[in-house]
Amino acid sequence: MKRHLISAADLTRDDAVLILDTAEEMARVADRPIKKLPTLRGRTVVNLFFEDSTRTRISFEAAAKRLSADVINFSAKGSSVSKGESLKDTALTLEAMGADAVVIRHGASGAPYRLATSGWIDGAVVNAGDGTHEHPTQALLDAFTMRRRLVGADSGLGRDLEGRRITIVGDILHSRVARSNVHLLNTLGAHVTLVAPPTLVPVGVEQWPCEISYGLDEVLPESDAVMMLRVQRERMNAAYFPTEREYSRRYGLDADRMARMPEHAIVMHPGPMVRGMEITAEVADSDRCTVVEQVANGVSIRMAVLYLLLGGYESAAPAAPSRTEENK
Amino acid sequence: MDAQHEAPGNAARPVLEAPDIARVLTRIAHEIVERAKGADDVVLLGIPTRGVFLARRLAEKLEEITGGKMPVGSLDITMYRDDLRLRPARALARTEIPGEGIEGRLVVLVDDVLFSGRTIRAALDALGDIGRPRAVQLAVLVDRGHRELPIRADYVGKNLPTSLRETVKVQLAEEDGRDAVLLGVERTAPAGGQ
């Protein structure tokens, strides 16, 4: 594992499988009477959120707390950022407070990278979504959900998603989730197809390791998982499609379309869902829709990431030889 | 874990062979039945990796002796270790608690080598987060001494007095293709490491 988690593209296949396997063990802690591990006692995790988020922040907070880390939540609203403080000064403040890990969400693509490489802080940096760039833990939890559903929780251990066909539908242009998923799923051996109106496909997408399609109906019958994305109106400053009704008709998932998917195929959504827009209520409430499962899996994945980044020694220096090696 | 990757040096000599290990496990099984007066409420929990295989073998022997079903599982202690920060983060192993649970039962922890006792300390902490057994006992294949904590085993396969420069390596068919306990000498003693 690297010291930071900035981009899903930085992960090798082995890194990614290790995270998924670790998350599988973390998921089992949730079934215990005491849902807590002492592993990160005395470590401080700062949730640095410059953009609104409920589920990601709560998920990271729950993950850190289950590992016994101390959690400091910092949101830009009502903080010194609203008074004009720069990212650098905020980072230096966190460093002075002794943060071992900083989980950052920022509206500007590249902010986590800047934080990790600037030398402002010593701790690990975890990208919790930056602009329209990446959201690696979301991609990991999506891959985890797919592996559990398509390969199996126990039989999936040590395995990737070789040969699975994943379709990602909707606002690819503004979606950091799509970008992270394309990289990670490709690393894990899956075939990814992006489906969107031409106006919502980013420039340079032909460099991405995936296929592009403009028609949802052709792709559905051969998809093992279909991931619906929300149309991010808050990031749109122009008209990308004529009407919502037309978008919904062509790119929304309803019961008829779901019936055309293979029997085993699942419907995913990173949330928040807009029912009636990209997904109908009937599909959202069906057994094949994994939205709630994805939220639960998010905590396991974030526990795994925090454990793998913070659970070992702090410095890159080789560890002192231990006397107790044979005891495993 | 590192020791197992080193090819057993020319100095490594077997102190227990496959038939010895089988005999030792049979004896421990009988001791468990004797001490637990029938082993009705015994739950065996192996500590990964090799402790799990030993626990399964012990369970088979106990089932032969008592004729009943013997609950057996595994207890991963990685997250409870006290030396986590001395090394890179390790991969986790499986914790599998049998359906009967451990509440109010006699848990017998099973491991291959008892050395510093730190693994068992971690196992006791891990157990505390899962439930409250009636009692906890410890069965090990080899006790090599050099305890760093006030911990002792209830059932010992073989007491093996060692020096700190020696290495003890347990091999089991399930993992290593053969059954043996090897005693070797560390080829390069780490300077000031111990």
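The following legends describe views of a predicted model with chains A and B.

**Figure 1. Overall build of chain A in the predicted model.** Chain A comprises eleven helices and nine strands. Its radius of gyration is 20 Å, close to the 20 Å that the globule rule gives for 328 residues, so chain A is as compact as a globular protein of that length. Along the principal axes, the C-alpha trace of chain A spans about 60 × 50 × 40 Å. Of the 328 residues in chain A, 47% are buried. Among the contacts of chain A that join residues at least 6 apart in sequence, 77% link residues at least 24 apart.

**Figure 2. The two domains of chain A and the contact between them.** The domain assignment divides chain A into domain 1 (8-135 + 295-310) and domain 2 (136-290). The centres of these domains of chain A, taken over C-alpha atoms, are separated by 25 Å. Where they meet, 26 residues of domain 1 of chain A are in contact with 25 residues of domain 2 of chain A. On the side of domain 1 of chain A that touches domain 2 of chain A, the elements giving two or more residues are α1 (13-29), β4 (124-130) and α11 of chain A. Helix α1(A) gives the most to that side of domain 1 of chain A, with eight residues. By residue class, the same side of domain 1 of chain A divides into eleven nonpolar, eight polar and seven charged residues.

**Figure 3. The largest nonpolar core and the surroundings of A:Val226.** This core has 142 residues, and those with the most contacts inside it are A:Val102, A:Val226, A:Leu306, B:Leu44 and B:Leu58. Helix α11 (residues 291-310) of chain A gives the most to the core, with ten residues. Domain 1 (8-135 + 295-310) and domain 2 (136-290) of chain A both give residues to the core, so it lies between them. When neighbours within four places in sequence are left aside, A:Val226 is in contact with A:Thr167, A:Val169, A:Leu220, A:Leu253, A:Met261, A:Ala265, A:Val267 and A:Met268.

**Figure 4. Overall build of chain B.** Chain B has four helices and eight strands, and from the N terminus on its elements follow the order β-α-β-α-β-β-α-β-β-β-α-β. The radius of gyration of chain B is 17 Å, close to the 16 Å that the globule rule gives for 194 residues, so chain B is as compact as a globular protein of that length. A box of roughly 50 × 40 × 30 Å along the principal axes is filled by the C-alpha atoms of chain B. Buried residues account for 40% of the 194 residues in chain B. Of the contacts in chain B with a separation of 6 or more, 69% are between residues 24 or more positions apart.

**Figure 5. Annotated segments of chain B.** An unreviewed UniProt entry places the feature "domain: Phosphoribosyltransferase" at residues 16-159 of chain B. Over residues 16-159, chain B is 32% helix and 23% strand, and the end C-alpha atoms are 11 Å apart. UniProt (unreviewed entry) also places the feature "short sequence motif: PRPP-binding" at residues 107-119 of chain B. Over residues 107-119, chain B is 15% helix and 62% strand, with the end C-alpha atoms 16 Å apart.

**Figure 6. The setting of B:Glu174 in helix α4 of chain B.** Helix α4 (residues 173-176) of chain B contains B:Glu174. B:Glu174 counts as partly exposed because it has 14 C-beta neighbours inside 10 Å. B:Glu174 and B:Leu54 are 120 residues apart in sequence, and their C-alpha atoms are 9.7 Å apart in space.

Technical notes. Residues numbered from 1 in each chain as written. Chains lettered and ligands numbered in written order. Predicted model: local features only at pLDDT ≥ 70, side-chain atom pairs only at ≥ 80, totals over all residues. UniProt positions renumbered as here; feature names shortened; annotations may be inferred. Core = buried A, V, L, I, M, F, W, Y, C linked by C-beta atoms within 7 Å. Buried ≥ 20, exposed ≤ 12 C-beta atoms within 10 Å, placed from the backbone. Domains from an automatic or database assignment. Contact = placed C-beta atoms within 7 Å. Rg over C-alpha atoms; globule rule 2.2 N^0.38 Å. Nonpolar A, V, L, I, M, F, W, Y, C, P; charged D, E, K, R; others polar.
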